[in-house]
Amino acid sequence: MESIWKMDLEYSNTDPLPSKTDVAVIGGGMAGVLTAYFLGRQNVDVILIDQEGIASGVTQNTTAKITSQHGLIYEKLIKGAGKEHAAMYARANQQAIEQFCSIIELNQIDCDFKTLPHFVYSLTSEVQIINETLAAQKLGLPATAVSELNLPFPVKGAVRFDGQAQFHPLKFIKPLANQLSIFTHTKVLSVEEKKVITERGTVQADFVVMTAHYPFVNFPGWYFLKLYQQRSYVLALRHAANLDGMYIDADSHGYSFRNHGDLLLLGGEGHRAGKHPGNCYRRLEEAAAKFYPQSTIAARWSAQDCMSLDGIPYIGAYSRSTPHLLVATGFNKWGMTNSMVAAKILTDRVLGRRNEYESAFSPQRFHPKLSMTELGPHVKESVIGLSKGYFHRPMRELSSIPNGGAGIIRYRGKRVGAYKNEKGEVFLVSAKCPHLGCELSWNADEHTWDCPCHGSRFDYHGNLIGNPAEEGIQFDKFSR
């Protein structure tokens, strides 16, 4: 099944790619479209390039909450980044809600926009809720602590943010994209500070803006050391419940809830990309049956998000040495408001204007207290993934893989990934991710090969699904 947001946003531009433009934006998701939209309104000559289609990646798989409440983060940000940067993060994301409202009103967009409170609940700690509420209030956020919620289970408490919102993200994007110069299905081969080389030609630009989810240019920037990716899963339920707000568990292993029309979106079962525990959809279906026994499943889909080490997106210059190559990434599962924040910061940067929030989101920052907790596990996963091909011998033979199963085997002297479908047909791919060489792992729920180091994904034919890898892993295919 596919996301309930999925709709046809096809922009087949057959015109030649221009050889020169003021700004080239790479990536047609929410951040890229908003950035190009704001620049266009300032009479900047801007083009938008995407390898697939507009909003065909993370944006169409979001739960589409427009909120400044990003889990229990504000107490942590105050302690780890300082009150000044925490306040910048809070104000920037709170203002993003107002900016969505302004764009919707200005363009008369019908996108199911609805103002609602957002809640972060805890099943275990009332103290955690109180502390977060006080921290958010210190930063001027609309936070209150509550003890009872309209959920199918009791909670210790929750932080409530009033004046938040939800919408249909693709209905929002479509009228904005209609105003832009867009080149979809255009693969970017390489990027320099003022040059984008594509399969359709080379574009010179005063600024190049990378909003392609995961920055695929490794050097400079070193984003493969500063980012990892997480997957999560969503069910759209009929006959479930009509809630009075949007909800998410403070525990990353808990559940999120929001309505859209007559559907209830139940999300959860998140895990690091490439570390698939198995049966994620089944466990989510079991939770749905427990919480809402009369419900039925209308749709299900998954999402993948870039996670920064300190919980703050990287928005600004790609590196200190490339002031004309800009980036927005690491939205930490809160891509709607953070996309708006990114678009405003990047637009100001191109126009030579100071943005009051840019220092809080600068890719060159470093907050040791916030970053070190995630840096160790991230480096460990990368080392394990890189070393498997050299120090681990696959123990399985192809004959040991059952129909419907997959695993790493040695075939014709090479380590390969083997998937055997229910008919016994075998599909072989290279076991090595072409990004930096980590060994791939099998995602049984979605029949994909995923990279545990940096999150690249491939279907069982070896075709590339998600970056930072830029090519597939095709090897061989045969039937038995």
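Contact here means heavy atoms within 4.5 Å. Keep that cut-off handy for the last stop, and remember throughout that you're looking at a predicted model.

Start zoomed out, with the whole chain as a cartoon. You should find 10 helices and 25 strands. The radius of gyration is 22 Å, close to the 23 Å that the globule rule gives for 480 residues, so the protein is as compact as a globular protein of that length. Rotate it onto its principal axes and the C-alpha trace spans about 65 × 60 × 45 Å.

Now switch on the surface. About 20100 Å² is exposed, with carbon and sulfur atoms supplying 49% of that area. Colour by burial and 58% of the 480 residues come up as buried. If you draw a contact map, take the pairs at least 6 apart in sequence: 70% of those contacts join residues at least 24 apart. For the charges, there are 50 positive and 47 negative ones, and their mean positions sit 5 Å apart.

Next, select residues 83–107, which is helix 3. Its 25 residues should span 36 Å at 1.5 Å a residue, and the end C-alpha atoms are indeed 36 Å apart. Step on to glutamine 108, just after helix 3, and check its phi: positive, near 50°.

Last stop: histidine 213, in the loop between strand 10 (201–210) and helix 6 (223–226). Is histidine 213 buried or partly exposed? Its relative accessibility is 23%, so it counts as partly exposed. Show its neighbours: leaving out residues up to four places away in sequence, histidine 213 touches Val58, Gln229, Gln304, Asp305, Cys306, Thr329 and Asn467. Finally, draw a distance to aspartate 110, 103 residues away along the chain; the two C-alpha atoms are separated by 26 Å.

Technical notes
Residues are numbered from 1 along each chain as its sequence is written. This is a predicted model: local features need pLDDT of at least 70, side-chain atom pairs count only at pLDDT 80 or more; totals for chains, interfaces and linings use all residues. Side-chain values use heavy atoms; hydrogens and water are left out. Helices (H or I, at least four residues) and strands (E, at least two) are DSSP runs, numbered from the N terminus. The radius of gyration is taken over C-alpha atoms; the globule rule is 2.2 Å times the number of residues to the power 0.38. Buried means under 20% relative accessible area, exposed over 50%, partly exposed in between (1.4 Å probe, protein chains only). Accessible areas come from the Shrake-Rupley method with a 1.4 Å probe; for residues, only the protein chains shown count as cover. Lys and Arg count as positive and Asp and Glu as negative; His and the chain ends are not counted. The place of a charge is taken as NZ of Lys, CZ of Arg, CG of Asp or CD of Glu. The expected span of a helix is 1.5 Å times one less than its number of residues.
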